Each structure stands twice: as structure tokens, then as C-alpha cells.
Amino acid sequence: MSAMAVMIIILTIFLLASALRVPVAFGLLLACAPFLLLHPQLSTELMVQRMYAGLDSFILLAVPFFIFAASIMTASGITEKLIDFARATMGWIRGGLGIVNVGASIGFSGMSGSSTADVAGTGSVLIPQMIKRGYPAGFTVGITAASAVISSVIPPSIQLIVWGSLTNTSIGALFLGGIVPGLMMGVGMMIAAYIVARRKNYPRDSSFKAREAGRTFLRAVPSLGIIVIVLGGFRLGYVTATEAALLAVVYSLFLALVVYRTVSLRDLGRVLVSAAKLTSVALFALAAATMLAYVLTLYRIPRLFQGLVDAVPGWALLGVIVLILFAIGLFMDALPAMAIMIPVLGPAVVLAGIDPVHYGIVAVMTLALGLITPPVGLCLLVASSIGKISVLSAVRPMMPFFFVMVLVVVLCVVFPELVLFLPNLIGM
């Protein structure tokens, strides 16, 4: 069977499964199913082995630990303490709660590593508050979903951990490389939120009070220790990504059970179940994508794409890759998309001499755009369900923040120093 015929079969089955709202992981496995009968080397036993091999990595243990840490922080009210501090310092500005929303996402992203956890954690608190205070539901949902994407870029991003695991790129360097682009996204969204608020006369939340800002800052300080643990541990070489994730869990438990005392031992069962559900969704999709990537390799599909990519001049290659990944991100979550496309695009990137950290950050940012773009748009879907509006109602108000993220991606493609400045400065 020709490579083109295989591609047509796979795409047809996957798109049909997506149209029928079959979960992505099962859609990927369904796309593999015909070839278990057509190819003599494939079998159900081999499928299970390849799926297990896709997850058999010490680094990937960081994923469930960071998700568990994020679940603890959400359940313990740590998210609310960050939001209180942001409101006390920025709520007095016109449309201040929109800016607070972005600021809270920046703070939460430095602790959770998960955009889904971010939109669920900050959204469950801020979306009802913003709507109650007169902000349109579409704007509220749009900015909450868009700002949550920052968690995919700022360390300890789970997507960066998986990317480093799949490409053997230094996770510490990827973490440092994501800081400047992530902050650029955040600042850009804050500016966009202020401009929209001025044009539409959105309300101020409160006047600035130094005492309130100081009080909320002191309450939020202990939670910021997670950022010190993750980045400080990496920079000093004391911990790996997995060890940092485990420390984040221990520290989160300490805050929840001892410092803030907002979670009891009885509550931990519910938190564990929530974290397990999120972990299973992410990693099972990654395992399924690993199997599909194996099928593609078996039928030499990467060579089909390789010829197309090799025809692109080196200076334009990263731009073309951005367009390809953006198109894939519209229909597929980032983790399975990584497992499938890294073997396809990797050789061309190496031949073009593109820095692996630069490539990794740009690719992850591009795939993260799919979190807020229909038809998948997981963050947009979660935020819309919290705001009790349809997804389409939030798309137009979200567009200014989407364009900010696109602009940051373009700037990082054109100016690699934005990504590589910190890794080169610190020597990683």
C-alpha cells in the first residue's frame, strides 16, 4: 500500500471520529486499527507494547506529579490568594479584573504547568466574579481561556517536559527559553485587555489601597515558593524535572494541610481522583499517538513529508512548520501532535541548523494556540462551560488576545534571541 493511500485512510478515519465526538485518543487508535489487519508486522500485542514504550520514560513521571500539585493548589484555595493579590494591585485600573485574570494565569502557570488546570482553577473563581461585576460573559470567558495558554509556555510547562522527553532536548533550557515569550504573551494580553476595557467602558474593581496590597502579598508569598523550587532546583542542578514535580507536590501538601489548613486528609481522595482523570486523558492520548507515529514510520510516511519540507529554504522552514503545527493543533491536542510530528519534522530541522530550544519553544507555543481555537479548543470549552455560554459566543471577544499570541509566535520566529537569551545567559 502506498504512503499516500495510508495517509488518506488515517485522515479519513480520524476526521470521521472527531466529527462523531470520539475522544482524541480513541480516534487515533481507530485510525491505526485497519493496519493491524493489513500489515503482517502489526498485532494487538505490538500495539500495547508500543503504547507502553511511549510512556516508559522517567521524565514523563513529572506530568502526573505537576497535575497533582495543581489540583492541590486549586482545592486548597491557593489560586484565590494569588487572585486577591492581583486584584489589590491592579483592580483599580479600568477593566482591571481582565488584567487581574491575566496576572493570575501568569502566577498560576509558574506552579501548575497545565493550561487546563489553569483555566479550571482561575476560571472557577474569576469568571463568576467578572460577570457579576458587569463584564460581558464573552469577554470574560475569552480572556480566561486565552491567558490560560500561558501555562503551556512558562515553566514548569507539562508540554515543554514532554517535548524535551521526545526530542532529548534539555528541559532546563526549554524552561528558561519559555520565560520571555510567556511573559511577552502576558504583558501583551494585559495591554489588549486595557485597550478593550477603555473602548467599551468596562468597570474598575476598586481603588488602590497599599495596606490591602501588602496584606494580600504576604498571604500569597508562601505559594510562590513552588516557583523557587522548580526554577531554582533546575538552575542549581539539584533536581530533575520529575524530582522538581515531586517536590512541588510535597510543598503544595504542606501549604494546604499545615500553612493554610484549607484541605483535610479526607479531601485528598477527591483531589487524587481529579488529578488521575486529567493525567489519564493527557498520557493516554500521548500513548495512542505513539502507536500512530509507529504506523506512520512503518509505512514511511515521514519520507513523504520530508520531501515537501526539504523543498523549503532553510530561512523559511520554521515559518512553514508553524503553519503546519497550527493546522494540526486545530484538530488535535498538543501532546499527541508532538508524538506524531516530531519524527516527521525533526530531520529537516536538524539539517537547517535550527537551535533545538528555539524550535521547541516556537513549536509548543504554536500547538498551544489550538487550546483556544475551535473545533477542539479545550481551554475555550472549559471556560465556556464555567461561564455558561456557548463556545462561539466567546470566539470574537477572544480574538484580540489570540492575535497577541500569534504576534509573539511570529516575533520569536524572526528573533530567536527572544527565546535563547536566558538559556545562553545562564549557560544551559
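User: What makes Val100, Ala104, Thr122, Val125 and Leu126 count as being in contact with isoleucine 83?

Analyst: In this predicted model, contact means heavy atoms within 4.5 Å, and, leaving aside neighbours within four places in sequence, isoleucine 83 is in contact with those five residues, Val100, Ala104, Thr122, Val125 and Leu126. With one of them, alanine 104, the C-alpha to C-alpha separation is 5.5 Å, although the two residues are 21 apart in sequence.

User: Why is isoleucine 83 called buried?

Analyst: Buried means under 20% relative accessible area, and isoleucine 83, which has its place in helix α5, has a relative accessible area of 1%, so it is buried.

User: How do you know which residues of helix α11 lie on the same side of the helix?

Analyst: In α11, which runs over residues 210–220, Ala213, Thr216 and Ala220 are buried. They cover an arc of only 75° around the axis, and therefore they sit on the same side of α11. As a general point, an α-helix has 3.6 residues a turn, so residues three or four places apart point the same way. The buried residues of α11 pack against α5 (78–90), whereas the face turned away from the buried side carries the exposed residues Ala210, Arg211 and Leu218.

User: Why does glycine 123 count as buried, and where is it?

Analyst: Glycine 123 has its place in helix α7, residues 115–132, and because its relative accessibility is 0%, it counts as buried under the 20% cut-off. Leaving aside neighbours within four places in sequence, glycine 123 is in contact with Asp118, Pro128, Thr144 and Ile386.

User: What makes serine 252 buried, and which residues does it touch?

Analyst: Serine 252 lies in helix α13 (residues 241–259), and it counts as buried because its relative accessibility is 0%. Not counting residues up to four places away in sequence, serine 252 touches Ala69, Ile72, Met73 and Ile226.

User: Why are asparagine 168 and lysine 388 called exposed?

Analyst: Exposed means over 50% relative accessible area. Asparagine 168, in the loop between α9 and α10 (171–200), has 74% and is therefore exposed; lysine 388, in the loop between α19 (378–387) and α20 (391–414), has 75% and is therefore exposed as well.

User: What is notable about the phi of asparagine 168 and of lysine 388, and about the bond between proline 155 and proline 156?

Analyst: Most residues other than glycine have a negative phi, and most peptide bonds are trans. Phi of asparagine 168, however, is positive and near 60°, and lysine 388, although it is not a glycine, has a positive phi of about 55°. Proline 155 and proline 156 are joined by a cis peptide bond, with omega about 10°, and proline 156 is found in the loop between α8 (137–148) and α9 (158–167).

User: How do you know that the chain is as compact as a globular protein of that length?

Analyst: The secondary structure of the chain comes to 21 helices and zero strands. Its radius of gyration is 21 Å, and the globule rule gives 22 Å for 428 residues; because the two values are close, the chain is as compact as a globular protein of that length. Of its 428 residues, 54% count as buried, and among contacts between residues at least 6 apart in sequence, 81% join residues at least 24 apart.

Note on methods. Residues are numbered from 1 along each chain as its sequence is written. This is a predicted model: local features need pLDDT of at least 70, side-chain atom pairs count only at pLDDT 80 or more; totals for chains, interfaces and linings use all residues. Side-chain values use heavy atoms; hydrogens and water are left out. Buried means under 20% relative accessible area, exposed over 50%, partly exposed in between (1.4 Å probe, protein chains only). Helices (H or I, at least four residues) and strands (E, at least two) are DSSP runs, numbered from the N terminus. The arc is that of the directions from the helix axis to the C-beta atoms. The radius of gyration is taken over C-alpha atoms; the globule rule is 2.2 Å times the number of residues to the power 0.38.
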